[in-house]
Amino acid sequence: MVHRGVSSALVLVLATAWSVSLSVAGLGLMTVIPAQLGLLERFPGLRGPAWLLGVTLLASGHLVFVFFVADRLFPSAVRGLVWWSEVLACIIVIGGSAWLMGRIALWLLGAPVA
């Protein structure tokens with residue numbers, strides 16, 4: 001049987017790696033990845049969706065970190081501040097995901113997506 005401290009430390013390490021990977025991918029999509037791959041020249045309308053996907057990934061990384069790492073390391077943090085941080089990140093993730101799914105649905109239906 002695994003000791004509780006070992007499993008808690010494993011959750012902290014894995015959640016930190018997960019949140020960092022989401023955040024780095026989001027920052028990359030917002031800044032350099034589309035330009036370095038030459039996607040902006042071939043698809044000029046990609047800048048907005050790539051930026052929004054980057055913001056959504058960045059907020060997802062923040063949400064994973066707050067839920068799995070910060071709440072465990074700082075259980076006596078100011079609940080009002082933590083709550084607003086989590087709600088704002090959830091709104092960004094849900095809104096960005098919904099907008100991106102709508103754009104993908106329009107693209108699959110053959111509608112012009114500008």
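Contact here means that heavy atoms lie within 4.5 Å. The exercises below concern a predicted model.

**Exercise 1. Surroundings of Arg 72**

Task: State which helix holds Arg 72, and determine which residues it contacts once neighbours within four places in sequence are left aside.

Solution.
- Step 1. Arg 72 belongs to helix H4.
- Step 2. With the neighbours within four places in sequence set aside, the contacts of Arg 72 are Ser 8, Val 11 and Leu 12.
- Step 3. The relative accessible area of Arg 72 is 44%. Partly exposed covers the range between under 20% (buried) and over 50% (exposed), so Arg 72 is partly exposed.

**Exercise 2. Ser 60: buried or exposed?**

Task: Classify Ser 60 by its relative accessibility and list its contacts beyond four places in sequence.

Solution.
- Step 1. Ser 60 is located in helix H4.
- Step 2. Its relative accessibility is 16%. Buried requires a value under 20%, and therefore Ser 60 counts as buried.
- Step 3. Apart from neighbours within four places in sequence, Ser 60 touches Leu 22 and Val 93.

**Exercise 3. Two separations from Gly 61**

Task: Give the C-alpha separation from Gly 61 for Arg 72 and for Ala 17, together with the sequence separation in each case.

Solution.
- Step 1. Arg 72 is 11 residues from Gly 61 in sequence, and their C-alpha atoms are 16 Å apart.
- Step 2. Ala 17 is 44 residues from Gly 61 along the chain, with a C-alpha separation of 9.6 Å.
- Step 3. Ala 17 is part of helix H1, which spans residues 4-31. With a relative accessible area of 46%, Ala 17 is partly exposed.

**Exercise 4. Packing of H4 and H5**

Task: Describe the geometry, handedness and residue classes of the contact between helices H4 and H5.

Solution.
- Step 1. Helix H4 covers residues 47-73 and helix H5 covers residues 79-109. The two pack at an angle of about 145°, and their axes are 9 Å apart.
- Step 2. The crossing of H4 and H5 is left-handed.
- Step 3. By class, 15 nonpolar, 6 polar and 4 charged residues make up the contact of H4 with H5.

**Exercise 5. Overall form**

Task: Establish how the radius of gyration of the protein stands against the globule rule, starting from its secondary structure.

Solution.
- Step 1. The protein contains 5 helices and 0 strands, in the sequence pattern α-α-α-α-α.
- Step 2. For 114 residues the globule rule gives 13 Å, whereas the radius of gyration is 18 Å, well over that value; the protein is therefore more spread out than a compact globule.
- Step 3. Along the principal axes, the C-alpha atoms fill a box of roughly 55 × 30 × 25 Å.
- Step 4. Of the 114 residues, 28% count as buried. The protein exposes about 7900 Å², of which carbon and sulfur atoms supply 77%.
- Step 5. Among contacts between residues at least 6 apart in sequence, 72% join residues at least 24 apart.

Technical notes:
Residues numbered from 1 in each chain as written. Predicted model: local features only at pLDDT ≥ 70, side-chain atom pairs only at ≥ 80, totals over all residues. Heavy atoms only, no water. Axes fitted to C-alpha atoms, helices over the stretch in contact; angles between N-to-C directions. Helix = DSSP H or I, 4+ residues; strand = E, 2+ residues; numbered from the N terminus. Left-handed = near helix turned anticlockwise from the far one by under 90°. Nonpolar A, V, L, I, M, F, W, Y, C, P; charged D, E, K, R; others polar. Rg over C-alpha atoms; globule rule 2.2 N^0.38 Å. Buried < 20%, exposed > 50% of the residue type's maximum accessible area, 1.4 Å probe, protein only. Areas by Shrake-Rupley, 256 points an atom, 1.4 Å probe, with all protein chains shown as cover.
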